[in-house]
Amino acid sequence: MMSVSESILQEADFFAVSILSGCLLVFLYDVLRVLRRLLPHGTIWIAIEDIFYWPTCAVFIFAMLYQKNDGLIRGFAIGAIVLGMIFYNHFISPRVIKGVVWLVKKLIRIVSFPLRLARKILKRPAAFCHRKAGRLWKRMKKLLKKLYKAGKMILYKH
């Protein structure tokens, strides 16, 4: 059996890390996509998120190149990053986004169920108390007006 030289293994490792780095970059953007689906953003907010995202990617790529290849920028590494990004974006990303959004919406429904149930149970008693308090307020207002007028009359007589 032939053994593969150490330098070829290092290059293959560097290529694999570059592909995985591209996948990770698109995954990080998927986090933003999920947030945008759950909480719709305006154009300005999306631009602000992207302004923070892209320099973060640049620093990440620089750190990966510095650690794995002594900071040398090599064409095949950039190509591998792009290849990883395309692969992840085309095959994995749609399923991840759809699955995470579905999961978060289900979790929100499960967590909010007790609140919706409490609201349903307390709706009638709260409405009843609101009506009674409204009627009491009207009576108090009438009584206060009468007392005010009576006090005014007493003050004018003397």
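Modeller: Before we start, a patch joins residues with over 30% relative accessible area and no salt bridge, like charges within 9 Å and nonpolar side chains (Val, Leu, Ile, Met, Phe, Trp, Tyr) within 5 Å. A salt bridge puts a Lys or Arg side-chain nitrogen within 4 Å of an Asp or Glu carboxyl oxygen, and areas are Shrake-Rupley with a 1.4 Å probe, only the protein chains shown counting as cover for residues. This is a predicted model: local features need pLDDT of at least 70, side-chain atom pairs 80 or more, while totals for chains, interfaces and linings use all residues. Numbering runs from 1 along each chain as its sequence is written, and side-chain values use heavy atoms, without hydrogens or water.

Colleague: How much accessible area does the nonpolar surface patch have together?

Modeller: Its members are Leu 136, Trp 137, Met 140, Leu 143, Leu 144 and Leu 147. Together they have about 650 Å².

Colleague: Is Leu 136 buried or exposed?

Modeller: Leu 136 sits in helix α3 (helices are DSSP H or I runs of at least four residues, strands E runs of at least two, numbered from the N terminus). Buried means under 20% relative accessible area, exposed over 50%, partly exposed in between (1.4 Å probe, protein chains only). Leu 136 has 52%, so it counts as exposed.

Colleague: Which element gives the most to the largest nonpolar core?

Modeller: That core, buried Ala, Val, Leu, Ile, Met, Phe, Trp, Tyr and Cys joined through side-chain atoms within 4.5 Å, has eleven residues, including Phe 14, Leu 25 and Ile 81. Two or more residues come from each of α1 (6-38), α2 (43-69) and α3 (75-157). With five residues, the top contributor is α1.
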